[in-house]
Amino acid sequence: MIRTEKEKMLAGELYHAGDPEIQADLAATKAWLVRYNASLGLAPADRRGLLVERLAEVGPDAVIRPPFFCDYGFNIALGAGVFLNFNCVILDVVPVRIGDGTQIGPLVQILTADHPRDPEIRRSGLEFGRPITIGRNVWIGGGAMIMPGVAVGDDAIIGAGSVVTRDVAPGATVVGNPARAVVPKAT
């Protein structure tokens, strides 16, 4: 059976982003983003209604402060009490799951989109995605970047401006570029 480019995208396989079905999804999300990003003055319940309209899951009391930017929205799942501050970017070509109570600072980028390392394949326009999972009660400081395929464990802390290229263990604190675990000082 021949799979559509969108089916390949959602499966994390190489796909052509210029496919008409994918482009239609991007256009629909752009129209939704225009409405959502104009909603800052609306009541929280009205903004929540907009999130429910586009995202895969929106847990109770989940908040995204506009402006917000994403590719599709339908690959984003937010747990209860998740908070994303202003100007967050989620490139969600594959699933992004954010666990209950996670707090995400302004200007954070969560990037599932990836590109082939082979220059010939990259030149052909093919790309792919790797899912990102962020656990419960995680704190991600402003300006941090979560790269494709990363899993962040429950209760972890990611320092402001960090570039997370590898999985983060539960309860760990990571900082820097690339982000590395902070070793607690002996008392």
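Select I76 and V96: V96, in β8, is the bridge partner of I76. This is a predicted model, where local features need pLDDT of at least 70, side-chain atom pairs count only at pLDDT 80 or more, and totals for chains, interfaces and linings use all residues. Residues are numbered from 1 along each chain as its sequence is written, and side-chain values use heavy atoms, with hydrogens and water left out.

Widen the selection to β5 (residues 76-78) and β8 (residues 96-98). These strands pair in the parallel sense over 3 bridges. Strands pair if DSSP finds at least two bridges between them. Strands (E, at least two residues) and helices (H or I, at least four) are DSSP runs, numbered from the N terminus.

Now show the whole sheet. It is open, has 5 strands with parallel pairing, and runs β2-β5-β8-β13-β16. Its edge strands, β2 (57-58) and β16 (151-152), each pair on one side only.

Next, select helix α2, residues 20-37. Its 18 residues reach 25 Å from first C-alpha to last, close to the 26 Å expected at 1.5 Å a residue; that expected span is 1.5 Å times one less than the number of residues.

Colour I22, D25, L26, T29, W32, L33 and Y36: they are buried in α2 (under 20% relative accessible area; exposed is over 50%, partly exposed in between; 1.4 Å probe, protein chains only). They cover an arc of only 125° around the axis, so they lie on the same side of α2. The arc is that of the directions from the helix axis to the C-beta atoms.

Turn to the face away from the buried side: P20, K30 and V34 are exposed there.

Finish at the start of α2. A side-chain oxygen of D19 comes to within 3.1 Å of the backbone nitrogen of E21.

How values were computed. A polar contact is a pair of N or O atoms within 3.5 Å; within protein, one must be able to donate a hydrogen and the other to accept it, and residues adjacent in sequence count only if both atoms are side-chain atoms.
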